[in-house]
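Let us walk through this model from its helices to its loops. Keep the sequence and the coordinates side by side.

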Amino acid sequence: MSDISEYKAATNRIFDDVKNELTKLVAIPSVSSASRTEVEKSAGHLAQLFSNLGMETEVKTAPTPTGEEGMPAVIARKIVDPQAKTVLLYAHHDVQPAGPVERWNTEPFVATEKNGRLYGRGTSDDGAGVMVHYGALLALGDKCPVNVTCFIEGEEEIGSPSFRNFIEKYREDLAADAIIVCDSDNWRVGEPALTATLRGVASMDVKVKVMNTALHSGAFGGPVLDAVTVASLLLAKCFNPDGSLAVPGLGGSTSADVHYPEELFKADAQVVESFELAGKGDVAARLWNQPALCVIGWDQRSRAESANALVPETCLRLSLRTAPGTDSAECAQALSTFLKENAPFGAEVETEILECGPSYQAQSSEAEKDMKWALSAAWDKDAVDIGCGGAIPMTADLAQVFPQADILITGVEDPATNAHSENESQDLGDLKNAITAEALFLARLGGRV
C-alpha cells in the first residue's frame with residue numbers, strides 16, 4: 001500500500017472485526033480496583049488476540065513500590081527487521097467500575113451500538129485505544145515496515161502503581177524509537193488532535209492556627225478571627241480579581257492552538273447560568289497551559305457540631321495543577337512560600353507537600369510532524385495540538401526511562417465520551433479514522449508512504 005486511500009480501504013475491510021473484538025473486550029469487567037481475576041482474564045484474552053496477529057506475546061507483572069504484585073500487562077512483539085525502527089504502542093485494558101447501574105441507559109458491560117456510537121464501560125477508555133493498535137496492525141498485515149511492541153497495562157485506572165518498576169524491569173523488551181500513547185482525546189468528534197501538553201500536579205496540606213484553644217465567639221469574636229475565616233482570607237490572596245493565580249513563579253501561557261468558545265466550555269462544564277469563567281487568555285490555555293488551584297479537602301467543624309466558639313486551627317488540602325514545562329516540586333515550593341509569607345493577621349501557617357506529579361510538554365520532532373500528517377490524512381481535516389488539564393504521570397516515566405524515544409499522545413475520546421461516568425461511549429467514525437491514522441504513521445515511519 002502506498003496511497004492514502006488504500007489505507008482507508010484496508011481499515012474499512014477490517015473494521016467489523018475490530019468492533020467485534022471491542023465488544024468481546026467490553027464484556028470482561030476488568031475493574032482493576034475490584035477484581036484481579038477479571039483483569040487476568042482480560043490480559044489473557046488480549047494476549048491471545050495479539051498472538052493471532054503473529055506476535056510473540058507474554059503476560060507479565062512487576063512489583064509495586066510497597067512490594068505487592070502489580071496487575072498483569074500484555075507485551076506483544078513483532079520484529080520485521082532488526083535494522084528497522086521500533087514503535088511501542090501503549091494502551092490499558094483495565095476499566096473503571098460501572099457505578100450505579102440505574103444511571104446507565106444500556107447494560108454497562110454489554111457493548112451496544114446506537115446512532116454511530118458504541119456504549120459500554122471501556123468502549124472508549126481504553127478499549128478503543130487497544131483496538132486502535134490491534135486494528136492498525138490488522139490493516140497493515142504483513143506490510144508493516146517497522147518493528148512493533150504492544151504494551152497493554154492493567155492498572156492505569158488505579159494509578160499504575162507498578163508502572164515505573166515494570167518499564168525498568170522490561171526495559172529491553174519495551175525500548176523503542178517512538179512511543180504512541182493512545183489514551184487521550186480528540187478536539188471534537190470529527191476533529192483530530194495530538195495531545196502536546198499535560199499539566200502536572202502537586203498536593204499539600206496547609207495548617208492555619210490562630211489560638212491554642214477554642215474561645216467563646218461572643219466574648220472574643222471581633223478582635224480575633226477564627227481559623228477557618230483566616231484560612232479563607234489566605235486562600236483569597238492566592239488569586240487576582242479576575243480569578244487567575246497571584247502566586248509568583250508558577251509559569252503558564254495565555255495562548256492555545258485551538259479556540260474554545262466560552263459558551264461552549266460553560267455548557268461542557270455544566271456551570272450555573274450566572275457563573276463567570278475565571279482567569280485570562282484563551283479558554284483552552286486556561287484549561288491546559290496555566291496553573292490552577294483548588295481545595296480538595298478541609299477539616300473544619302460540621303454544621304451538626306456547630307457551636308458559638310471560635311475555631312482555633314484548621315487544616316485544608318490543596319491541589320495545584322502545574323503548567324506544562326514547569327517543575328511541579330518547584331511550583332509546590334513556590335506556593336508553600338507564598339502561603340507562609342502572606343499569612344493574614346500573623347496567623348501560624350504550616351505546609352506539608354504530599355505529592356508532586358510531573359507535567360509534560362512535547363518537543364517538536366519529525367515523528368510529531370508525521371503523526372499530525374497521518375491524523376490529518378485519516379480525518380481529511382487538519383489535526384491540532386491540544387492539552388490535557390489533568391496529569392498522565394506514566395508519560396513522564398516513559399520519557400525518563402526511554403529518553404531517546406519520541407512520545408506521541410493520541411486518543412479516541414471526545415466531549416461526549418463520558419469516560420469514568422455512566423453511559424460511556426465511543427464514536428465509531430473516530431475509532432475508524434484513528435486506526436487509519438496509526439497505520440499511516442507506521443507506514444510513513446518505515447518509508448512506505
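Start with burial: a residue is buried under 20% relative accessible area, exposed over 50%, and partly exposed in between, using a 1.4 Å probe and protein chains only. Helices (H or I, at least four residues) and strands (E, at least two) are DSSP runs, numbered from the N terminus. The model is predicted, so local features need pLDDT of at least 70 and side-chain atom pairs count only at pLDDT 80 or more, while totals for chains, interfaces and linings use all residues. Residues are numbered from 1 along each chain as its sequence is written, and side-chain values use heavy atoms, with hydrogens and water left out.

Take helix α10 (residues 328-341). Its buried residues are Ser328, Cys331, Ala332, Ala334, Leu335, Ser336, Phe338 and Leu339. An α-helix has 3.6 residues a turn, so residues three or four places apart point the same way. What do the buried residues of α10 pack against? They meet β9 (200-209), α7 (227-237), β11 (292-299), β13 (313-322) and β14 (348-357). Contact here means heavy atoms within 4.5 Å. The length of α10 also checks out. The expected span of a helix is 1.5 Å times one less than its number of residues. For the 14 residues of α10 that gives 20 Å, and the end C-alpha atoms are 20 Å apart, which agrees. At the start of α10, a side-chain oxygen of Asp327 comes within 2.9 Å of the backbone nitrogen of Ala329. That is a polar contact: a pair of N or O atoms within 3.5 Å where, within protein, one must be able to donate a hydrogen and the other to accept it, and where residues adjacent in sequence count only if both atoms are side-chain atoms.

One of the strands beside α10 is β11. Gly297 sits in β11. Gly297 is partly exposed, at 25% relative accessible area. Leaving aside neighbours within four places in sequence, Gly297 contacts Leu316 and Arg317. The C-alpha atoms of Gly297 and Asp205 are separated by 9.0 Å, with their positions 92 residues apart along the chain.

Now go to helix α13 (residues 428-445). Of its 18 residues, 15 are buried, so the rest of the structure largely encloses α13. Its expected span is 26 Å, and its end C-alpha atoms are 26 Å apart, which agrees. At the start of α13, a side-chain oxygen of Asp427 reaches to within 3.1 Å of the backbone nitrogen of Gly429. After α13 comes Gly447, with a positive phi near 75 degrees.

Val18 leads from here to the N-terminal part of the chain. Val18 lies in helix α1. At 0% relative accessibility, Val18 is buried. Not counting residues up to four places away in sequence, Val18 touches Met131, Tyr134, Gly135, Leu431 and Ile435. The C-alpha atoms of Val18 and Gly135 are 6.1 Å apart, although 117 residues separate them along the chain.

Helix α1 also has a helical partner. Two packed helices are described by the angle between their axes and the distance between the axes. Helix α1 (residues 4-26) and helix α2 (residues 36-51) pack at about 160 degrees, with axes 10 Å apart. That makes α1 roughly antiparallel to α2. In α1, Glu21, Lys24 and Leu25 meet Ser42, His45, Leu46 and Leu49 of α2. Axes are lines fitted to C-alpha atoms, for helices over the stretch in contact, and angles run from 0 to 180 degrees between N-to-C directions. Angles under 35 degrees count as roughly parallel, over 145 as roughly antiparallel, 65 to 115 as roughly perpendicular and the rest as oblique.

Finish with the loops. Arg121 is in the loop between β5 (117-119) and α3 (127-140). Is Arg121 buried or exposed? Arg121 is buried, with a relative accessible area of 2%. The side chains of Arg121 and Glu424 share a polar contact of 2.7 Å. A polar atom of the Arg121 side chain also lies 3.2 Å from the backbone oxygen of Gln96. Beyond four places in sequence, the contacts of Arg121 include Val26, Trp104, Phe109 and His420.

Asp126 belongs to the loop between β5 and α3. The peptide bond from Asp125 to Asp126 is cis, with omega near 5 degrees. Asn423, in the loop between β17 (406-413) and β18 (425-427), has a positive phi near 60 degrees. Asn423 is buried, at 14% relative accessible area. Asp380 has a positive phi of about 55 degrees although it is not a glycine. Asp380 is in the loop between α11 (366-379) and β16 (384-388), and at 63% relative accessibility it counts as exposed.
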